[in-house]
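Here is a walk through one model, from helix packing to charged pairs. Keep the structure open while reading.

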Amino acid sequence: RRVLFRSSFTEEETDAALKSILAEAERSKRAGTLSDEEIDTFYEQFSPLLGPVQRRQLRSVVEKLKKI
């Protein structure tokens, strides 16, 4: 039986995914293809999947991205 979706991920998996997503977001923001509104939407959709510490870290990164 194949599992298509897991409801929980290890901290390492979450960290790796977040780093990858944020690297792409920074590239897109610098290229002018990612808006602040899209960044906010991403945060609202992704943050519920994170723990409190990771959520605060993501919020910090979001604020930095918006200053680019």
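Partly exposed describes a residue whose relative accessible area falls between two limits: under 20% is buried, and over 50% is exposed. D40, at 28% relative accessibility, therefore counts as partly exposed. The model shown is a predicted one.

D40 belongs to helix α2, so start there. Helix α2 covers residues 36-46, and helix α3 covers residues 52-66. How do two packed helices get described? The angle between their axes and the distance between the axes do the job. For α2 and α3, the axes come within 10 Å. They cross at roughly 175°. Angles over 145 degrees count as roughly antiparallel. The crossing of α2 and α3 therefore makes α2 roughly antiparallel to α3.

Which residues make the contact? On α2 they are D36, I39, D40, F42, Y43, E44 and F46. On α3 they are R55, L58, R59, V62, L65 and K66. Sorted by class, this contact has seven nonpolar residues and six charged residues. Polar residues are absent from the contact.

Now turn to the charges. How many salt bridges does a search of the whole structure find? The search finds five. Three of the pairs are followed here, including one between α2 and α3.

That pair is K66 and D40. Their side chains meet in a salt bridge, 2.9 Å from N to O. K66 lies in helix α3 and D40 in helix α2, so the salt bridge ties together parts that are 26 residues apart in sequence. Both residues also appear in the list of contacts between α2 and α3. K66 has 24% relative accessibility, so K66 counts as partly exposed. D40 is partly exposed as well, at 28%.

R59 is another contact residue of α3. R59 forms a salt bridge with E63, and the closest N and O atoms are 2.8 Å apart. Both R59 and E63 lie in helix α3. They are four residues apart, about one turn of the helix. Buried or exposed, or in between? R59 is partly exposed, with a relative accessible area of 28%. E63 is partly exposed too, at 33%.

The last pair sits in helix α1, residues 11-31. There E24 forms a salt bridge with R27. The closest N and O atoms of E24 and R27 are 2.9 Å apart. In sequence, E24 and R27 are three residues apart, about one turn of the helix. E24 has 40% relative accessibility, so E24 counts as partly exposed.

Technical notes
Residues numbered from 1 in each chain as written. Predicted model: local features only at pLDDT ≥ 70, side-chain atom pairs only at ≥ 80, totals over all residues. Heavy atoms only, no water. Axes fitted to C-alpha atoms, helices over the stretch in contact; angles between N-to-C directions. Helix = DSSP H or I, 4+ residues; strand = E, 2+ residues; numbered from the N terminus. Parallel < 35°, antiparallel > 145°, perpendicular 65-115°, else oblique. Contact = heavy atoms within 4.5 Å. Nonpolar A, V, L, I, M, F, W, Y, C, P; charged D, E, K, R; others polar. Salt bridge = Lys/Arg side-chain N within 4 Å of Asp/Glu carboxyl O. Buried < 20%, exposed > 50% of the residue type's maximum accessible area, 1.4 Å probe, protein only.
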